[in-house]
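Visitor: I have a new model open on my screen. Could you take me through it?
Guide: Certainly; please put it up.

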Amino acid sequence: MRASNFNLTDYLSRIGYEGSVDTTLVTLTRLVQKQLRTVPFENTEVQAGRIPSMVPEEIVDKVLTRRRGGYCYEINGIFSMALSTIGFEWYYAGARPMLYPERRPRTHMIVIVRIGGRDYLCDTAFGGYALRAPMMIEEGEVVQDDDRLRLALINGEYVLSSLVQDEWQCQYGFTLQPQEWIEFTLANYFNATHPDTIFTRKRLAIIQTATGRKILMENELKCIEEGNSVCLEVDYDTALKEHFGLEPW
């Protein structure tokens, strides 16, 4: 995944990353955390009636130049450009969202990075209660900041779950089958146009903080810090600008 206008220095500046970069787990973890805290997961373009571009150069312009966010193809796309430039070994895989009441196709895009012979799940673009750092792909539980996450192999899929209000909530399932960028173009169209996706049904924006996350859904803003949650009734456009640095599309 490359774009002619991608510049690593611009990317590192966009996510507020300082210091040296190398192909270690330490660097990978810092990249994931920095991006999660600076590039919001948001659907303002879809809500404006547009289909987000899958052209790499246009993604760079949107996220780095115009400093907007996006959903998985854009945000994990820009993340993968940085991985390629730095020299990480990685590939895309499809994931099946499990937050819907019915079974869904694998429309979510994740990134799997290999370091020292081990595979790590990386995801800067699922929103909600998903990863806060890379997670080694093996069955078991991990703690990331104040979040507890679990991977379980169920019917041939790794299922990522998060502990939300003392209950395990399935986020998505995936396999280790690599997929090409072009394979997600149909999923992008589906997510941006189908009347039954979260992206077409609700205005949303999500970003992590050092100790929690902010979730804006229509006119409700949920601020979670160190496990404590506060819900506020807000004006969507005002909250979008004040908490996520975004103007309406």
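Guide: What follows goes from the whole chain to the sheets, one helix and two loop residues. Please note that this is a predicted model.

Visitor: Overall first: how many helices and strands are there in the chain?
Guide: The secondary structure of the chain comes to 8 helices and 13 strands.

Visitor: What radius of gyration does the chain have, against that of a compact globule?
Guide: The chain has 17 Å, which agrees with the value near 18 Å for a compact globule of 249 residues. Along the principal axes, its C-alpha atoms fill a box of roughly 50 × 45 × 35 Å.

Visitor: And what share of the residues is buried?
Guide: Buried residues make up 52% of the 249. The chain exposes about 11,400 Å², of which carbon and sulfur atoms supply 48%.

Visitor: What about charge: how many positive and negative side chains are there?
Guide: There are 26 positive and 34 negative side chains, and the centres of the two sets lie 1 Å apart.

Visitor: Now the sheets. In what order do the strands of the 8-stranded one run?
Guide: The order is β5-β4-β3-β2-β9-β8-β7-β6, an open sheet with antiparallel pairing. Its edges are β5 (135–136) and β6 (140–144); each has a single partner strand, so one side of each is left without a neighbour in the sheet.

Visitor: What does β6 pair with, and over how many bridges?
Guide: Strand β6 pairs with β7 (residues 147–154) in the antiparallel sense, over 5 bridges. Within that pairing, Val-143 stands opposite Arg-148 in β7.

Visitor: Is β2 mostly covered or mostly open?
Guide: Strand β2 (residues 89–97) is mostly covered, with 7 of its 9 residues buried. Towards β3 (residues 108–115), β2 pairs antiparallel over 7 bridges, and Ala-95 has His-108 as its bridge partner there. Towards β9 (residues 167–174), 3 bridges join the antiparallel strands, and Arg-96 stands opposite Gly-173.

Visitor: How is the 5-stranded sheet arranged?
Guide: That open sheet has the order β1-β10-β11-β12-β13, with antiparallel pairing. Strands β1 (41–42) and β13 (228–233) stand at the edges with a single partner strand each, so one side of each has no neighbour in the sheet. Inside the order, 6 bridges join β11 (residues 212–217) to β12 (residues 220–225), and Arg-213 has Ile-224 as its bridge partner.

Visitor: Changing topic: which residues of helix α4 are buried?
Guide: In α4 (residues 56–65), the buried residues are Pro-56, Ile-59, Val-60, Lys-62, Val-63 and Leu-64.

Visitor: What covers them?
Guide: The cover includes α1 (8–15), α3 (44–47) and α5 (72–86). As a general point, an α-helix has 3.6 residues a turn, so residues three or four places apart point the same way.

Visitor: What phi does Arg-67 take, just after α4?
Guide: Arg-67 has a positive phi of about 55 degrees although it is not a glycine. Most residues other than glycine have a negative phi. Arg-67 is found in the loop between α4 and α5, and is partly exposed at a relative accessible area of 45%.

Visitor: Where does Asn-155 lie?
Guide: Asn-155 lies in the loop between β7 and β8 (157–164). Asn-155 also has a positive phi, of about 50 degrees, although it is not a glycine.

Visitor: Why does Asn-155 count as exposed?
Guide: Its relative accessibility is 80%, and exposed means over 50%.

How values were computed. Residues numbered from 1 in each chain as written. Predicted model: local features only at pLDDT ≥ 70, side-chain atom pairs only at ≥ 80, totals over all residues. Heavy atoms only, no water. Buried < 20%, exposed > 50% of the residue type's maximum accessible area, 1.4 Å probe, protein only. Helix = DSSP H or I, 4+ residues; strand = E, 2+ residues; numbered from the N terminus. Pairing = 2+ DSSP bridges. Rg over C-alpha atoms; globule rule 2.2 N^0.38 Å. Areas by Shrake-Rupley, 256 points an atom, 1.4 Å probe, with all protein chains shown as cover. Lys, Arg positive; Asp, Glu negative; His and termini not counted. Charge placed at Lys NZ, Arg CZ, Asp CG, Glu CD. Contact = heavy atoms within 4.5 Å.
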